[in-house]
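User: Could you teach me how to read a ligand site and a nonpolar core? I would like the general idea, then the case at hand.

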Amino acid sequence: MSQAPKQPRDPSSYSPSALTRALPSYLNPDNLGPWGIYLQQVDRVTPYLGSLGRWVDTLKRPKRTLIVDVPIHLDDGSVAHFEGYRVQHNTSRGPGKGGVRFHQDVTLSEVMALSAWMSIKNAAVNVPYGGAKGGIRVDPRQLSVGELERVTRRYTSEIGLIIGPTKDIPAPDVNTNEQVMAWMMDTYSMNEGATATGVVTGKPVDLGGSLGRREATGRGVFTVGVEAAKRIGMDISGSRVAVQGFGNVGGVAGKLFAEAGARVVAVQDHGGCIYREAGLDVPALMAHVSRTGSVAGFAQAEVIEPDAFWDVPCDIMIPAALEQQITEANAARIQARMIIEGANGPTTPQADDILHDRGVLVLPDVIANAGGVTVSYFEWVQDFSSFFWTEEEINERLVRIMQGAFAGVWQVAEEHKVSLRTATFIVACKRILHARDLRGLYP
Ligand code: NAD
């Protein structure tokens, strides 16, 4: 059958605006939520991208999005289905890299944003990765250990199509830990027929994990905090710190600030909020949390309303829980001079503007919590070479990378008179889009 010759297409129909007009609702910038916030952040840096700006739409959609059904047998013999996701936002600079979150409120839009922030973060500290993220809509606290293992293994098997040591490397995030990573590594390896330690990072040290990985994100938060404090003339010793979220990130960051002579005066987590003007005993609080699962019930502190956390007199605030915690509703109440974003996406753009106008320095997630992925990179390199470094070497290299990356971002912020968030996006987006430009489009 002969086909009519194709009419030449109107060139204006190729313009990005024409092609993106019918974006699905979860890609719509008016639909704020983590993905909408990310899109706004990209829009803010586009004027600074120069000729690379012609590639910017590549940052506005994930490269690959996988939704999987995760059915498991519960202990009572019934079958439960959970929804799982793995999103690879960008792989221009290397394989996808990013954590896996188990939480009852996880959504595709959230995972998309988290994967995009991983692209930015990995480029900001210049590790050779793209960005990815995963999650399962499940409350792991409602599962037995056996059920948790089955959910993890089935999810890993389902996303096994797209992950791998040179394709996409998951890691821990909220409610996932070294044990979950061990199950993921084992499941992937069983399916491959060979032990592939490099498929995940954040593994137990006895299974190819890295010394210093568990503390790395908190250590990075502390490192950039110290660097920023030097530049604004703040003395860490004697400063008052308020921490939201006392898990892997918040707990370690709080401990390092306390060891440097700061007073951790308030901690809020999912179970409640505690306060002590003279400073909490951080090691005792960590022991309490690992025993009971929450800061609630810690004896040597006053209990305050969770919302009162935002009014606490402090010099440094560390949000280290979930997204969208600092909003228009509380940004004006925060007394801190500096906010260090341990969590991903804790500050909404409206809150960012309020804080900026009030002169509060915000150290953004995309640089402040990059210590975790930096040591994940070290872990991956060690797995490939089967040669493992000492904890001193790891911490020293981590601090050097974080200090260098932070100095670069600070300089860009001063040069363009922009916030540290916009500066980090400028540095990172240029690196990603330069790689895109060099690679060109296939076919
Ligand atoms: P975690 O599970 O170890 O701890 C999470 C903490 O948040 C817990 O203390 C929990 O009680 C608290 N929390 C949960 N819901 C809360 C709520 N509604 N209000 C107040 N507190 C609440 O998780 P984590 O690994 O410490 O991750 C915390 C944040 O840091 C997340 O945003 C994560 O994406 C980010 N992050 C983690 C890493 C890492 O290496 N673990 C790296 C980079 C960024």
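User: How many Å from an oxygen atom of the ligand does a backbone N or O atom of Gly247 lie?

Analyst: The distance is 3.3 Å for Gly247, and a polar contact is a pair of N or O atoms within 3.5 Å. A backbone N or O atom of Asn248 lies 2.9 Å from an oxygen atom of the ligand, and for a polar backbone atom of Val249 the figure is 2.9 Å. Taken alone, the ligand exposes 820 Å², and the protein buries 84% of that (Shrake-Rupley method, 1.4 Å probe). A word on the source: this is a predicted model, where local features need pLDDT of at least 70, side-chain atom pairs count only at pLDDT 80 or more, and totals for chains, interfaces and linings use all residues. Residues are numbered from 1 along each chain as its sequence is written, and side-chain values use heavy atoms, leaving out hydrogens and water.

User: Which residues surrounding the ligand are the closest?

Analyst: A residue is near a molecule if one of its heavy atoms lies within 4 Å of it. Here 22 residues surround the ligand, and the closest are Asp173, Thr217, Phe246, His270 and Asn344.

User: Where does the largest nonpolar core lie?

Analyst: Nonpolar side chains tend to be buried together in soluble globular proteins. A core joins buried residues (under 20% relative accessible area) through side-chain atoms within 4.5 Å. The largest nonpolar core has 90 residues, and helix α3 (residues 108-124) gives the most, 11 residues. Domain 1 (11-197) and domain 2 (214-363) both give residues to this core, so it lies between them.

Technical notes
Polar contact = N/O pair within 3.5 Å; in protein donor to acceptor, adjacent residues only side chain to side chain. Buried < 20%, exposed > 50% of the residue type's maximum accessible area, 1.4 Å probe, protein only. Helix = DSSP H or I, 4+ residues; strand = E, 2+ residues; numbered from the N terminus. Domains from an automatic or database assignment.
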